[in-house]
Amino acid sequence: MRLAAFLIALTLATPALAQDKLTLILDWFVNPDHGPIVIAEEKGFFAEQGLEVEVIAPADPSDPPKMAAAGKADIAVSYQPQLHLQVQEGLPLIRVGTLVATPLNCLLVLEDGPVKSVADLKGRKIGFSVAGVEEALLGAILGRHGLTLDDVELVNVNWSLSPAVMAGQVDAVIGAYRNFELNQMEIEGRPGRCFFVEEEGVPPYDELIYVANPQTMDRAKLARFLAATEKATQYMVNHPQESWEIFAATAPELQDELNARAWVDTLPRFALRPAALDHGRYARFE
């Protein structure tokens with residue numbers, strides 16, 4: 001009894017070990033695409049791995065990989081197509097894990113609008129938010145229908161993707177997510193239609209990935225981060241409703257019909273093995 005009491009007293013007297021800090025910058029404002037990250041934090045899976053993760057939403061959606069490359073963040077959420085372009089440009093980045101393992105991106109138009117096929121976009125305005133990567137995807141899609149980027153007018157609409165289409169500011173947007181913007185337009189009473197990139201000549205790819213600077217990254221720390229998000233994804237698959245309630249409770253702006261719908265649509269697209277790498281998929285995208 002004395003030994004047990006002594007051990008309990010020693011445990012209470014011993015200060016908790018400091019957790020390793022890790023800074024993660026998202027690709028966008030917090031939304032259901034980031035489910036495993038939020039659930040890993042809320043369920044204590046990061047803490048189990050000895051991590052204190054600071055999650056930051058970017059002011060500009062093109063900033064995250066640049067911040068990771070510059071050492072201003074340990075890890076960033078980015079896009080596989082963008083990684084290919086930035087590596088070619090000499091940016092010191094590598095993919096260290098996968099968040100969403102299928103394309104989400106689509107070329108979005110009004111369902112009852114004048115654009116019935118990609119060829120109908122000739123001479124029309126197309127909005128985008130991330131320069132470079134979305135122009136490359138759009139070029140590939142247009143090329144399949146005998147068009148080039150010179151046949152359309154590109155408009156930077158930044159965050160305002162589906163609103164730009166619904167307001168008639170542009171005729172289409174590239175970079176709209178099928179799990180988000182389609183639901184948003186349906187809720188607004190202006191249904192949209194997606195031309196899915198993987199059905200329009202673009203090889204399948206990982207939509208959202210984690211990138212880091214290979215020269216400065218802490219591989220052991222990142223492995224622990226991926227282990228925590230893998231556990232979170234497994235939890236979400238096993239407990240979809242409970243995990244949604246945990247996610248939505250983190251911020252009032254998440255507690256609406258749009259995010260609830262997006263959660264359901266995104267759940268089957270998360271990478272069940274975030275650390276695993278399909279080399280063939282990346283080679284086909286070059």
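In the predicted model, Asp27 is buried, its relative accessibility being 2%. The residue belongs to the loop that connects strand 1 with helix 2 (35–42). Once neighbours within four places in sequence are set aside, the contacts of Asp27 are with His34, Pro58, Pro61, Pro64, Val77, Tyr79, Tyr177 and Leu208. Asp63 is 36 residues away from Asp27 in sequence, yet the two C-alpha atoms are 8.1 Å apart in space. One of the contacts of Asp27, Val77, is a member of strand 3 (residues 75–78).

In strand 3, the side chains of Ile75 and Val77 point one way, those of Ala76 and Ser78 point the other way, and all four residues are buried. Such an arrangement follows a general pattern, in which side chains of a regular strand alternate between the two faces of the sheet. Strand 3 pairs with strand 1 (residues 20–25) in the parallel sense, through two bridges, and Leu24 is placed opposite Ile75. With strand 10 (residues 208–212), strand 3 runs antiparallel, and three bridges join the two; here Ile209 of strand 10 is the bridge partner of Ser78.

Helix 5 (residues 80–88) has Gln80, Pro81, Gln82, Leu83, His84 and Gln86 as its buried residues. Their cover includes strand 3, strand 4 (94–100) and strand 10, together with helix 4 (63–69), helix 6 (133–143) and helix 12 (279–285). After helix 5 comes Gly90, with a positive phi near 95°.

The protein is assigned two domains, domain 1 (20–102 + 206–281) and domain 2 (105–199). Their centres, taken over C-alpha atoms, are separated by 25 Å. To the contact between them, domain 1 contributes 21 residues and domain 2 contributes 18 residues. The size of an interface is often expressed as the accessible area lost when the parts come together. For domain 1 and domain 2 this area is about 1,800 Å², of which 67% lies on carbon and sulfur atoms. On the domain 1 side, the residues that lose the most area to domain 2 are Trp28, Leu258 and Arg261, which together account for 31% of what that side buries.

Trp28 also appears among the contacts of Ser129, which, leaving out residues up to four places away in sequence, are Trp28, Pro61, Glu134, Asn156, Asn158, Leu161 and Ile174. Ser129 is located in the loop between strand 6 and helix 6 and is buried, at 7% relative accessibility. Pro61 is thus listed as a contact of Ser129 and as a contact of Asp27.

Helix 6 buries Val133, Glu134, Leu137, Leu138, Ile141 and Leu142. Viewed down the helix axis, these buried residues are confined to an arc of 160° and therefore line one face of helix 6. The elements against which they pack are helix 5, helix 12, strand 5 (105–110), strand 6 (125–128), strand 7 (153–156) and strand 8 (172–177). Strand 8 is itself mostly covered, with six of its six residues buried. Four bridges connect strand 8 to strand 5 in an antiparallel arrangement, in which Leu107 has Ile174 as its bridge partner. Strand 6, by contrast, runs parallel to strand 8 and is joined to it by two bridges; Gly127 is partnered there by Val173.

The largest nonpolar core comprises 59 residues, among which Leu24, Ile39, Tyr210 and Phe225 touch the most other members. Helix 9 (residues 219–238) is the element that gives the most to this core, supplying seven residues. Both domains take part in the core, since at least three residues are drawn from each of domain 1 and domain 2. A second core, separate from it and made up of 20 residues, includes Phe128, Leu142, Val152 and Phe195. Of these residues, Leu142 is also listed among the buried residues of helix 6.

Helix 9 is also the location of Thr233. This residue is buried, and its relative accessible area is 3%. Apart from neighbours within four places in sequence, Thr233 makes contact with Pro36, Phe270, Ala271 and Leu272.

Conventions:
Residues are numbered from 1 along each chain as its sequence is written. This is a predicted model: local features need pLDDT of at least 70, side-chain atom pairs count only at pLDDT 80 or more; totals for chains, interfaces and linings use all residues. Side-chain values use heavy atoms; hydrogens and water are left out. A nonpolar core is a set of buried Ala, Val, Leu, Ile, Met, Phe, Trp, Tyr and Cys residues joined through side-chain atoms within 4.5 Å. Buried means under 20% relative accessible area, exposed over 50%, partly exposed in between (1.4 Å probe, protein chains only). Domain bounds come from an automatic or database domain assignment. Two strands pair if DSSP finds at least two bridges between them. Contact means heavy atoms within 4.5 Å. The arc is that of the directions from the helix axis to the C-beta atoms. Buried area is the accessible area (1.4 Å probe) that two parts lose on being put together, summed over both.
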